[in-house]
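Okay, thanks for making time, everyone. Let me put the model up and talk you through how the chain packs.

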Amino acid sequence: MWAIWRIEGAAQVNASRRAKKQRLATVEALVKQLRGEAMLLSLCPQINPASVVEKMTQAVDLAASPRYEALAHTMLDQLEQVELTGRTDWLAVQLPTSRRQGVVEALRAARAEVALELGLLPAPVTAQQEAERLSQAADIAAAWPSAITRRPATEAEIMWIYGHSARRGVIEPLLPEGGPQARGRGRGMAGLGQVMLAEG
């Protein structure tokens, strides 16, 4: 069982070199203090040019500013000709398990594999299991330094990480922005299997 957080503040284009080094040192210190398995992922999502222009014109009355509207259309045409990417940082931490939990999880995994071979859906995660793991993840994150701004990754963002890792620039899905912080329990994530990649 893994918990994933989005580390905020990765897109510090206008930050000073000193601020960037300080942020890197803080994140590096956090990763070094973690026990067990952990991954720091730095991913570059594609950026939709329309969303950039939409943010440019968000607080502008385009009906009263025809020159600005023309500029926005020109900017959209130019941005569609280049590859726009951003940078996002993610921290994935494997949640520790006791020996008893390890045995129970191994039995559940074996049962799920047999069910898949028989064409059955895996058993959904119970509300109690979800609550236990969310509490465990919150306890881990509470011990981290407050200088690192983070939030739990949404289900859509986790699915994006899998899709991005499999495609990497080729018809890549866009990173979901905002929207409801949907967290599904049950079979919503059960169909997410191992991604098979051919190296080379």
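So, of the 200 residues in this chain, 23% count as buried, where buried means under 20% relative accessible area with a 1.4 Å probe, protein chains only. Keep in mind that this is a predicted model: local features need pLDDT of at least 70, side-chain atom pairs count only at pLDDT 80 or more, and totals for chains, interfaces and linings use all residues. Residues are numbered from 1 along each chain as its sequence is written, and side-chain values use heavy atoms, with hydrogens and water left out.

There are six helices and four strands, taken as DSSP runs (H or I, at least four residues, for helices; E, at least two, for strands) numbered from the N terminus.

Now, the largest nonpolar core. A core here is a set of buried Ala, Val, Leu, Ile, Met, Phe, Trp, Tyr and Cys residues joined through side-chain atoms within 4.5 Å. This one has 14 residues, and Trp5, Leu30, Leu34, Leu91, Val93 and Trp144 touch the most other members. Strand S1, helix H1, strand S3 and helix H5 each give two or more residues to this core. A second, separate core of seven residues includes Leu43, Ile158, Trp160 and Ile161.

Last bit: how do H2 and H3 pack? Their angle is about 160 degrees, with the axes 9 Å apart (lines fitted to C-alpha atoms over the stretch in contact, angles running from 0 to 180 degrees between N-to-C directions). H2 and H3 are therefore roughly antiparallel, meaning over 145 degrees.

Terms used
Angles under 35 degrees count as roughly parallel, over 145 as roughly antiparallel, 65 to 115 as roughly perpendicular and the rest as oblique. Buried means under 20% relative accessible area, exposed over 50%, partly exposed in between (1.4 Å probe, protein chains only).
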